[in-house]
Each structure stands twice: as structure tokens, then as C-alpha cells.
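Visitor: I'd like a close look at one part of this protein, the salt bridges. Could you walk me through them slowly?

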Amino acid sequence: MTAKSPDPAAWGELRASHSDREAVVEQLREAAAEGRIDLAELDTRLEQALTAKTFADLAPLTADLPTGATLLGPGEPLVLRGGFHGVARTGRWQVPAHVTAHGGMGGVRLDFTRAECRLPEVEVEVHGEMAGVTVVLPEGWAADTDGVATGMGTVKDKTTPERLPGTPLIRLTGTAGMAGVVVRHPSARERRQLKRDRTSRGTS
């Protein structure tokens with residue numbers, strides 16, 4: 001049985017963590033680098049992000065940016081569409097209760113290795129379509145792929161069955177499509193990059 005998510009009002013009152021604030025700071029800096037906000041506005045928003053106490057304080061700071069899905073309320077699903085060029089959700093992001101990924105022609109990569117998830121279970125609705133969907137889970141997270149219907153494509157669950165206490169269950173539903181769906185832990189190269197990133201944050 002899926003745990004009931006808090007209502008939007010309660011979500012807004014939740015205390016923001018260091019990683020929540022860091023995710024918004026990173027998004028704001030990327031927006032400034034792309035010319036979406038000027039440096040003066042960047043300074044103002046960064047100050048507000050670094051002193052934010054709740055999700056309600058953080059959410060308006062990225063609401064007008066194209067990638068404003070970093071902080072989603074519990075009732076707001078994240079929808080990713082591969083389109084022609086492909087799309088990926090990586091880095092630090094807040095995991096909602098429901099994620100939908102359409103592989104399209106370019107594919108979707110959904111990477112949970114740096115994500116923050118406070119839910120005991122997350123539904124990931126996948127549609128492999130032409131290019132497929134890849135889901136990357138941290139070591140210790142578990143996946144349930146029984147709800148994905150196979151067709152021309154296959155479903156490959158390469159994760160280990162052991163689920164660490166306190167980690168979410170990623171329950172996959174949907175269809176494999178032509179290209180299929182792959183669920184795996186980070187590769188050796190990705191693990192090395194994660195280790196370098198942790199070391200960098202620890203010494204910065």
C-alpha cells in the first residue's frame with residue numbers, strides 16, 4: 001500500500017534541507033549562465049535561497065524557469081518526454097510521488113543517484129517507445145518492474161535485490177515499447193564521478 005503524501009499546504013510548510021537549498025542555488029546559477037536572469041537578480045535570489053527555511057520559501061525562486069520542476073509538490077508529477085533529442089533528469093532534484101517518462105525518439109535517462117526522496121515509494125510510469133528509458137538507482141535502492149508490460153522491447157532490471165532500510169521502493173509501471181526499459185545501479189565510471197563530487201563538496 002502506497003503511503004499517503006502530505007497535502008500541498010503541508011508540503012509548503014516542510015523545512016528545507018541543505019540539499020534542497022543547494023539544488024535551487026545550482027538551478028539559479030545555470031539560469032544566469034543561460035541569460036535567463038541577470039546578475040543582480042541572481043544575487044537577490046541566491047540570498048533568498050540560502051536563507052530559505054521551508055519549501056514554500058524556495059519554490060517561487062525557480063517557478064519562472066524552464067527547469068522549475070526541481071521542487072515539486074507531492075501532487076505534481078514530473079513528466080519527461082524524450083522527443084527527438086532525448087532528455088535526462090540528473091543532479092540534485094526533489095523526487096515527487098509520480099514520475100512519467102516517455103522515451104520518444106531520443107530516449108529518457110532518469111538518474112536518482114543525487115536525488116533527494118522523502119517518500120517510502122515512488123511510482124515511475126515508463127513508456128519505452130522508440131528510444132527507451134533508463135533508470136539509474138543508488139546502491140541500496142530497490143525496484144519493482146512487475147508492472148511494466150513488455151512488447152517488442154524488454155525490461156532489464158540489473159539492480160541488486162537488497163533494499164537498505166529507509167530507502168524508497170521505485171515501482172515501475174507502463175510499457176517497454178520498442179526499445180525497452182533498463183533499471184540499473186551506477187556504472188563504475190559513474191561511481192567514480194559520484195565519489196569525486198562528494199570529495200569536492202567536502203573540501204569546498
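**A close look at the salt bridges**

Guide: Let's start with Glu41, which is partly exposed because its relative accessible area is 31%. Keep in mind that this is a predicted model. Glu41 has a partner, Arg45, and the two form a salt bridge whose closest N and O atoms sit 2.5 Å apart. You'll find both in helix H3 (residues 39–50), where they are four residues apart, or about one turn of the helix. Arg45 has a relative accessibility of 8%, so it counts as buried, since the cut-off for buried is under 20%. So here a buried Arg45 pairs with a partly exposed Glu41.

Now hop along to Glu116, which makes a salt bridge with Arg118; their closest N and O atoms are 3.0 Å apart. This time the Glu is the buried partner: Glu116 has a relative accessible area of 18%. Arg118, at 39%, is partly exposed.

Next up is the salt bridge between Glu121 and Arg171, with 2.8 Å between the closest N and O atoms. This pair ties together distant parts of the chain: Glu121 belongs to strand S5 (residues 121–127) and Arg171 to strand S9 (residues 169–175), 50 residues apart. Glu121 counts as buried because its relative accessibility is 15%, while Arg171 comes out as partly exposed at 30%. There's also a group to look for: Arg109, Asp111, Arg184 and Glu190 are joined into one network by salt bridges that share partners. A search of the whole structure finds seven salt bridges.

Not every Arg should be looked for in a salt bridge, though. On the surface, Arg189, Arg191, Arg192 and Arg196 gather in a patch of positive charge. One of them, Arg196, is found in helix H5 (residues 188–203), and its relative accessible area of 47% makes it partly exposed. For contrast, try the nonpolar surface patch of about 640 Å² made by Phe84, Met105, Met130, Met152 and Met178. Met152 sits in the loop between strand S7 (142–149) and strand S8 (155–157), and it counts as exposed because its relative accessible area is 68%.

Finally, zoom out to see where these pieces belong. The protein chain has five helices and 10 strands, and 45% of its 204 residues count as buried. Among the contacts with a separation of 6 or more, 69% are between residues 24 or more positions apart. The chain exposes about 11,000 Å², with carbon and sulfur atoms supplying 54% of that.

How values were computed: Residues are numbered from 1 along each chain as its sequence is written. This is a predicted model: local features need pLDDT of at least 70, side-chain atom pairs count only at pLDDT 80 or more; totals for chains, interfaces and linings use all residues. Side-chain values use heavy atoms; hydrogens and water are left out. Patches are made of residues with over 30% relative accessible area and no salt bridge: like charges are joined within 9 Å, nonpolar side chains (Val, Leu, Ile, Met, Phe, Trp, Tyr) within 5 Å. Accessible areas come from the Shrake-Rupley method with a 1.4 Å probe; for residues, only the protein chains shown count as cover. A salt bridge is a side-chain nitrogen of Lys or Arg within 4 Å of a carboxyl oxygen of Asp or Glu. Helices (H or I, at least four residues) and strands (E, at least two) are DSSP runs, numbered from the N terminus. Buried means under 20% relative accessible area, exposed over 50%, partly exposed in between (1.4 Å probe, protein chains only). Lys and Arg count as positive and Asp and Glu as negative; His and the chain ends are not counted. The place of a charge is taken as NZ of Lys, CZ of Arg, CG of Asp or CD of Glu. Contact means heavy atoms within 4.5 Å.
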